[in-house]
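Hi everyone, thanks for making time. I'd like to walk you through a structure that's new to most of us, so let me put it up first.

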Amino acid sequence: MQPVQSSEGPHACLAKVRSHEGFDVDRDAKKLYKACKGMGTDETAIIEILSSRTSDERQQIKQKYKTKYGKDLEEVLKSELSGNFEKTALALLDRPSEYAARQLQKAMKGMGTDEAVLIEILCSRTNKEISAIKEAYQRLFNKSLESDVKGDTSGNLRKILVSLLQADRDEGDEVDKELAGQDAKDLYDLIGKDMEEAIEEETSGDLQKAYLTLVRCARDLEGYFADRLYKAMKGTGTDEDTLISIIITRAEVDLQGIKAKFQEKYQKSLSDMVSSDTSGDFRKLLVALLH
């Protein structure tokens, strides 16, 4: 259903090429140790290493740091950094599936549920990504993601989310764009309006949000994320959590495509807009991740 590249898709190489040249886990661990010891913190070194390594390489750095210095790199960074810079650095030390699992758990724990987060994550991921998130959730929280979602949602929204968690949607190897367009056109001819309009008329609230997310992601996943990033920054105030979440989780999937789509839709570069909407080390890290 979704035209999604797997993490091994055509864009993945773009994210990986730069970092495999001369990757030296021992040197990186040392540099991070030096950056955090003594008075003051060398933020530039932290940004340089975290932004130019793949997720797998960052896992190796974490392990090396622990064995070499007997401390968790996450704990060290937590004590040295703050604010959105800290949030982004810690998110980079998680695997994308672990990061998504933490977001889902946070959205459900305590009083009330942040349905928007559940919808955003579960409606925009491939079967393979959902399976990895379920596994990470079980490992991190010793609980089943499915039973938590069941307990925290109700009605038709619960049905949709639980069925997405089965991770058995027919995605097809190649999505035929022409065919998808034709399907949407046939539906339009049939009911006299496009699918999004029909959903908007027939549903409301979180259910509407879930259906629209599924349709938009099926039609143009990179465009969907480009829109989410734009909305996170336009107007007054910036939704930093959305910026962190999308830039980090798509970095090795389709971030290059999202950047191109953003440029095409909004006539400005994603990197420039992020730069003018953020500040300090947080800005530097995000901009480095976007290059």
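Before we look at anything, one bit of vocabulary: Ala, Val, Leu, Ile, Met, Phe, Trp, Tyr, Cys and Pro count as nonpolar, Asp, Glu, Lys and Arg as charged, and the others, Gly among them, as polar. Also, please keep in mind that this is a predicted model.

Okay, the overall picture. The protein has 18 helices and 0 strands. Of its 291 residues, 47% are buried. If you take the contacts between residues at least 6 apart in sequence, 70% of them join residues at least 24 apart. And the accessible surface is about 14700 Å², with 48% of that belonging to carbon and sulfur atoms.

Now, the empty spaces. How many cavities of 30 Å³ or more does the structure hold? The count is 1, and the largest cavity has a volume of about 30 Å³. Around it you'll find Gln103, Glu120, Ile121, Arg125, Phe225, Ser245, Ile246 and Thr249. Going back to our vocabulary, that lining splits into 3 nonpolar, 3 polar and 2 charged residues. Two helices each supply at least two of the lining residues: helix 8, which is 115–122, and helix 15, which is 240–250. Helix 15 gives the most, with 3 residues.

Next, the largest pocket, with a volume of about 1100 Å³. It's lined by 39 residues, and the closest to its centre are Tyr99, Gln103, Lys106, Asp241 and Ser245. You've heard two of those names already: Gln103 and Ser245 also line the largest cavity. Several helices give two or more residues to the pocket lining, among them helix 7 at 96–108, helix 8, helix 14 at 205–233 and helix 15. Which helix gives the most to this lining? That's helix 14, with 8 residues. As for the make-up of the pocket lining, we have 20 charged residues, 13 nonpolar and 6 polar.

Let's move on to helix 11, residues 155–165. Buried there are Leu157, Ile160, Leu161, Val162, Leu164 and Leu165. And what do the buried residues of helix 11 pack against? They pack against helix 8, helix 9 at 127–141, helix 10 at 145–152 and helix 14. After helix 11 comes alanine 167, and its phi is positive, near 50°.

A quick word on aromatics. Searching the whole structure turns up 8 aromatic pairs. One of them is tyrosine 224 with phenylalanine 225, an edge-to-face pair with 5.2 Å centre to centre and 65° between the planes. Is that pair of residues buried or exposed? Both tyrosine 224 and phenylalanine 225 are buried, and Phe225 is one of the residues lining the largest cavity, too. Elsewhere, Tyr33, Tyr65 and Tyr69 make up one aromatic cluster.

Last stop: aspartate 24. You'll find it in the loop between helix 1, 12–20, and helix 2, 25–36. Why does aspartate 24 count as partly exposed? Because its relative accessibility is 30%, and partly exposed runs from 20% to 50%. Also have a look at glutamine 60: along the chain, aspartate 24 and glutamine 60 are 36 residues apart, and their C-alpha atoms are separated by 9.9 Å.

That's my tour. Happy to scroll back to anything you'd like to see again.

Methods: Residues are numbered from 1 along each chain as its sequence is written. This is a predicted model: local features need pLDDT of at least 70, side-chain atom pairs count only at pLDDT 80 or more; totals for chains, interfaces and linings use all residues. Side-chain values use heavy atoms; hydrogens and water are left out. On a 1 Å grid over the protein atoms alone, a cavity is a set of points where a 1.4 Å probe fits but cannot get out, and a pocket is an open set with protein on both sides within 12 Å along at least five of seven lines; lining residues have an atom within 4 Å of a point. Grid points are joined across faces, edges and corners, and a volume is the space filled by probe spheres set on the points. Helices (H or I, at least four residues) and strands (E, at least two) are DSSP runs, numbered from the N terminus. Buried means under 20% relative accessible area, exposed over 50%, partly exposed in between (1.4 Å probe, protein chains only). Contact means heavy atoms within 4.5 Å. Rings of Phe, Tyr and Trp (its six-membered ring) pair if their centres lie within 6.5 Å; planes under 30 degrees apart count as stacked, over 60 as edge-to-face and the rest as tilted. Accessible areas come from the Shrake-Rupley method with a 1.4 Å probe; for residues, only the protein chains shown count as cover.
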